[in-house]
Amino acid sequence: MTAPLTPTERLGPLPVIYRDARLIAVAKPPGMLVHRTALARGETRFVMQTLRDQIGQHVYPVHRLDRPTGGVLLFALDSDAAAALSRAFTEQQMTKRYLAVVRGWGPETVSVDAPLREEDGTRPKAEMPAQAALTHFRRLATVEIPVAVDRYPHSRYSLMEARPETGRRHQIRRHLAHCGHPIINDAKHGKGVHNRYFRDHLDCPHLLLAAVFLQFRHPFEDRTLTLEAAPDDHFSALLTRFGWQAHLTQNGARWGDGASAAEAAEPIDIPL
């Protein structure tokens, strides 16, 4: 039996992109933790608990988005579905696409194949094992504004597409930073003067990174399911302000491929 695409409307405070009997996907707001962790001091609202209360049943996490990142977040609704989806993520059978606003004019296309060490472990970073990490980047648009944000009379920014093949912690942020194009409002890897300008003058209070696309083979339908999420209001307004509205996405789901082919990108090695 074919699972229907469920409309987003009328499903509660978390926008539901897709739901069937085995899985559910929502548009995670930036700044919201997926579940309770040691980082959750003072937090009262989490995606997992909110969604559980919203639909009246237990949900199983199968992947993660960092707290400041918004976008497509997928959950299973039973343990068998959780195992199947977790396996698909582990075996890199998921196609993920992100949008990021970065400092400077990024490369037209580049693939960063650079292992990453865990930064927030109990052991020093240098003692952590390096794990393979590969991200494909493509520059979608650029803008130059007549404001001396830093030491130059004009300031340049790019809209980048990121397609990670692996899922290391802060992978996209770290790979872009080591390319010399940190994401705006990345407090750890970016530059404060640019972050403050976007917060104070462009109404962008959070990290400008959004998970806008997730595509995979539905484990119980034997068809490809494509999920898309709109960037939050601050991010969307900035894209429109910079004339980049053609790259906006909307909350929705569809069967079939529908993915635009990424341009070929040559790998580079960047020591981290």
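**Notebook: rings, strands and enclosed helices**

I looked first at charges over rings and found Arg22 over the face of Phe220, 3.8 Å from the ring centre. I count a charge as sitting over a ring if NZ of Lys or CZ of Arg is within 6 Å of the ring centre and within 35 degrees of the ring normal. By that rule I also noted Arg163 over the face of Phe213, at 5.9 Å from the ring centre.

I record that this is a predicted model, in which local features need pLDDT of at least 70 and side-chain atom pairs count only at pLDDT 80 or more, while totals for chains, interfaces and linings use all residues. Residues are numbered from 1 along each chain as its sequence is written, and side-chain values use heavy atoms, with hydrogens and water left out.

**Overall figures**

I counted 5 helices and 12 strands in the protein. Helices (H or I, at least four residues) and strands (E, at least two) are DSSP runs, numbered from the N terminus. I found that 49% of the 272 residues are buried. Buried means under 20% relative accessible area, exposed over 50%, and partly exposed in between (1.4 Å probe, protein chains only).

I looked up the exposed surface, which is about 13200 Å², with 49% of it supplied by carbon and sulfur atoms. These areas come from the Shrake-Rupley method with a 1.4 Å probe, and for residues only the protein chains shown count as cover. I then took the contacts (heavy atoms within 4.5 Å). Among those between residues at least 6 apart in sequence, 65% join residues at least 24 apart.

**Aromatic pairs**

I found 5 aromatic pairs in the structure. One of them joins Tyr157 and Phe198 edge-to-face, at 4.8 Å centre to centre and 80° between the planes. This pair links distant parts of the chain, since Tyr157 lies in strand β8 (residues 155–164) and Phe198 in helix α4 (residues 192–201), 41 residues apart. I noted that Tyr157 and Phe198 are both buried. The ring centres of Phe242 and Trp244 are 5.0 Å apart with the planes at 70°, so this pair is also edge-to-face. Phe242 and Trp244 are both buried.

For the rule, rings of Phe, Tyr and Trp (its six-membered ring) pair if their centres lie within 6.5 Å; planes under 30 degrees apart count as stacked, over 60 as edge-to-face and the rest as tilted. I traced the ring pairs further and found that they link Tyr157, Tyr197, Phe198, Phe242 and Trp244 into a cluster.

**Strand pairing**

I took two strands as paired if DSSP finds at least two bridges between them. I began with strand β5 (residues 95–103), which is mostly covered, with 7 of its 9 residues buried. β5 runs antiparallel to strand β9 (residues 209–217), joined by 6 bridges. Arg97 has Phe213 as its bridge partner in β9; Phe213 is also the ring whose face lies under Arg163.

β5 pairs with β8 as well, in the antiparallel sense over 6 bridges, and Val102 stands opposite Ser158 of β8. I followed β8 to β7 and found the two antiparallel, with 10 bridges between them. Thr135 has Pro164 as its bridge partner in β8. Strand β7 (residues 134–145) also pairs with strand β6 (residues 109–113), antiparallel over 5 bridges. In that pairing Ser111 stands opposite His136 of β7.

**Enclosed helices**

I checked helix α3 (residues 171–178) and found it largely enclosed by the rest of the structure, because 7 of its 8 residues are buried. The buried residues are Gln171, Ile172, Arg173, Arg174, His175, Leu176 and Ala177. Their cover includes β5, β6, β7, β8 and β9. After α3 I noted Gly180, with a positive phi near 90°.

Helix α1 (residues 47–55) is likewise largely enclosed, because 7 of its 9 residues are buried. I listed Val47, Met48, Gln49, Thr50, Leu51, Gln54 and Ile55 as buried in α1. What covers them includes β1 (16–19), β2 (23–28), β3 (60–61) and β4 (70–76). Just after α1, Gly56 takes a positive phi of about 75°.

**Cysteines**

I searched for disulfides, each a pair of cysteine sulfur atoms within 2.5 Å, and the count came to 0. Cys179 has 22% relative accessibility and therefore counts as partly exposed. Cys204 has 0% and therefore counts as buried.
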